[in-house]
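Work through the exercises below with the model open. Try each task before reading its solution.

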Amino acid sequence: MANRADKRKFHYIYKITRFDGKYYIGMHSTDDLEDGYFGSGQRLWKSVKYHGREKHSMEILEFLPSRAELKKRERELVNEVTLKDPECLNLCLGGNG
């Protein structure tokens, strides 16, 4: 059974980088690329709250054709090795959205 995210027009992997190089990798599905979405990670939001949004920049790394492929790709990118990187702000393995 498809949920709302499955039916969205765009599915993409993004990276938010803080001024000092710390980063967060995530995924988002939307019908509007200008929807203002800016990540959802716990550490990321603490960083945005502390340093300010202007100290963070977001880039879309790649578009995927479906939500299922998006989850698979995020799992590949946000893996055990990534989580051990001291620059990484992600807390858990990718692909669970």
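**Exercise 1: a glycine near the end**

Gly 95 has a relative accessibility of 4%, so Gly 95 counts as buried (under 20% relative accessible area with a 1.4 Å probe, protein chains only; exposed means over 50%, partly exposed in between). The model is predicted: local features need pLDDT of at least 70, side-chain atom pairs count only at pLDDT 80 or more, and totals for chains, interfaces and linings use all residues. Residues are numbered from 1 along each chain as its sequence is written, and side-chain values use heavy atoms, with hydrogens and water left out.

Task: Find which residues Gly 95 touches, not counting residues up to four places away in sequence.

Solution.
- Step 1. Locate Gly 95 in the segment after α3 (80-84). Helices (H or I, at least four residues) and strands (E, at least two) are DSSP runs, numbered from the N terminus.
- Step 2. Apply the contact cut-off: heavy atoms within 4.5 Å.
- Step 3. Read off the partners: Met 27, Lys 71, Glu 74 and Arg 75.
- Step 4. Take one C-alpha distance. Gly 95 and Gly 41 are 54 residues apart along the chain, and their C-alpha atoms are separated by 13 Å.

**Exercise 2: the two sides of α1**

Task: Determine which residues of helix α1 (residues 42-51) are buried, and what covers them.

Solution.
- Step 1. List the buried residues of α1: Leu 44, Ser 47 and Val 48.
- Step 2. Check their directions. They span an arc of only 100° around the axis (directions from the helix axis to the C-beta atoms), so they sit on the same side of α1.
- Step 3. Recall the geometry. An α-helix has 3.6 residues a turn, so residues three or four places apart point the same way.
- Step 4. Find the cover. It includes β1 (10-18), β2 (23-30) and β3 (56-64).
- Step 5. Turn to the face away from the buried side. Gln 42, Lys 46, Lys 49 and Tyr 50 are exposed there.
- Step 6. Look just after α1. Gly 52 takes a positive phi of about 100°.

**Exercise 3: the whole chain**

Task: State what pattern the chain follows along the sequence.

Solution.
- Step 1. Count the elements: 3 helices and 3 strands.
- Step 2. Put them in sequence order: β-β-α-β-α-α.
- Step 3. Test the size. The radius of gyration, over C-alpha atoms, is 13 Å, close to the 13 Å from the globule rule (2.2 Å times the number of residues to the power 0.38) for 97 residues, so the chain is as compact as a globular protein of that length.
- Step 4. Add the burial: 35% of the 97 residues are buried.
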